[in-house]
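This report covers aromatic pairing, the nonpolar core and a few individual residues of one protein chain. The sequence and structure come first.

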Amino acid sequence: FVDKLDPQSGTSLELGSSGDTITIPSGATITNSGTATGFGDTNYFSTTGFSAYIAATQSVSTATETTCTFNTERFDMGSNFNTSTYIYETPSEGKYFFQFGLMLKGNSDTVLTAANVSLKKDDGAGNFSSNQDWENNFSANYINKYTSAASYIVDCEASRKWKVQVYISTQSGTPSVQGTITNSYFAGWRIA
């Protein structure tokens, strides 16, 4: 029984050797007054978190799949989001949480017939395909605008590219994705 283990001046204290198991018995409490490192619970957000939005309304061609132009960042903790290509690249392998919100609009009242959103992932060679789709069909009751929002958790490899695309169909005129931070955003981070 001892009350304190103190290493010699200029050295550090090591308990056990590589491969040893050190057991903390049930009911025991570890109190940390210093800095703890190497204990799991990694703060992935600090190196993977991003949030971007469309600064001004984006016009899109009707019935054409189009990449959303998230050209303004709220934050980009690991510099993994590109505001020129509107693509997020995962810096490491793990589980990622993605979310988006988009306000999709016809050019005038009651012309919007479909407002679909796709989260696309590349195959490592620059070819994108749908990882998840959200489809909204209004052909039985045309509307003027629709807000689509979703969140999604996915297993992901390192260096995979992700983007959001829309397919907006109207009876006439040019549809759009409404801009500003409160209307259309894309965000995500690694959670495990």
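Rings of Phe, Tyr and Trp, the last through its six-membered ring, count as a pair if their centres lie within 6.5 Å; planes under 30 degrees apart make the pair stacked, and planes over 60 degrees apart make it edge-to-face. In this predicted model, that rule gives a count of 16 aromatic pairs.

**Aromatic pairs**

Two of the pairs share Phe50 and are set out below.

| Pair | Centre to centre | Angle between planes | Class |
|---|---|---|---|
| Phe50 and Phe81 | 5.2 Å | 10° | stacked |
| Phe50 and Phe186 | 5.1 Å | 80° | edge-to-face |

The pair of Phe50 and Phe81 links distant parts of the chain: Phe50 belongs to strand β1 and Phe81 to strand β5 (residues 81–82), with their positions 31 residues apart in sequence. Phe50 and Phe81 are both buried. Because Phe50 lies in strand β1 and Phe186 in strand β13 (residues 185–190), the edge-to-face pair ties together parts that are 136 residues apart in sequence. Phe186, like Phe50, is buried. Ring pairs also join a wider set into a cluster made up of Phe50, Phe70, Phe81, Tyr88, Tyr96, Phe98, Trp162 and Phe186.

**The nonpolar core**

In soluble globular proteins, nonpolar side chains tend to be buried together. The largest nonpolar core here has 28 residues, and those touching the most other members are Phe70, Phe98, Leu102 and Phe186. Two or more residues each come from β1, β7 (94–105), β8 (112–122), β10 (145–156) and β11 (161–170). Strand β7 gives the most, with five residues.

Beyond four places in sequence, Leu102 is in contact with Cys68, Phe70, Val117, Tyr146, Thr147, Ser148, Val164, Val166, Val177, Asn183 and Ser184.

One of these contacts of Leu102, Tyr146, is found in strand β10. Its relative accessible area is 26%, so Tyr146 counts as partly exposed. Apart from residues up to four places away in sequence, Tyr146 touches Leu102, Met103, Leu104, Leu112, Ala115, Asn136 and Phe138. With Asn136 there is a polar contact between the two side chains, at 3.0 Å. Tyr44, by contrast, is 102 residues from Tyr146 in sequence, and their C-alpha atoms are 33 Å apart.

**Asp76 and the β4–β5 loop**

What does the side chain of Asp76 reach, given that Asp76 is buried and has no salt bridge? The nearest side chain of opposite charge is that of Arg74, at 13 Å. The side chain of Asp76 instead reaches backbone nitrogens: that of Asn80 at 3.0 Å and that of Phe81, also at 3.0 Å. Asp76 lies in strand β4 (residues 72–76). Its contacts outside the four neighbouring places in sequence are with Gly49, Phe50 and Phe81, and the latter two residues form the stacked pair described above.

Ser79 is found in the loop between β4 and β5. With 64% relative accessibility, Ser79 counts as exposed. Its phi is near 55°, a positive value in a residue other than glycine. Most residues other than glycine have a negative phi. Ser159 likewise has a positive phi, near 60°. The loop that holds Ser159 runs between β10 and β11, and Ser159 is partly exposed, with a relative accessible area of 41%.

**Ser51 and Ile181**

Is Ser51 buried or exposed? Its relative accessible area is 4%, under the 20% cut-off, so Ser51 is buried. Ser51 is in strand β1 (residues 50–53). Setting aside residues up to four places away in sequence, Ser51 touches Thr72, Glu73, Arg74, Phe75, Phe186 and Ala187.

Ile181 sits in the loop between β12 (176–177) and β13. Its relative accessibility is 38%, so Ile181 counts as partly exposed. Beyond four places in sequence, Ile181 is in contact with Tyr53 and Arg74. Ile181 and Ala52 are 129 residues apart along the chain, yet their C-alpha atoms are separated by 8.1 Å. Arg74 is thus named among the contacts of Ser51 and among those of Ile181.

Key. Residues numbered from 1 in each chain as written. Predicted model: local features only at pLDDT ≥ 70, side-chain atom pairs only at ≥ 80, totals over all residues. Heavy atoms only, no water. Helix = DSSP H or I, 4+ residues; strand = E, 2+ residues; numbered from the N terminus. Buried < 20%, exposed > 50% of the residue type's maximum accessible area, 1.4 Å probe, protein only. Lys, Arg positive; Asp, Glu negative; His and termini not counted. Salt bridge = Lys/Arg side-chain N within 4 Å of Asp/Glu carboxyl O. Polar contact = N/O pair within 3.5 Å; in protein donor to acceptor, adjacent residues only side chain to side chain. Contact = heavy atoms within 4.5 Å. Core = buried A, V, L, I, M, F, W, Y, C linked by side-chain atoms within 4.5 Å.
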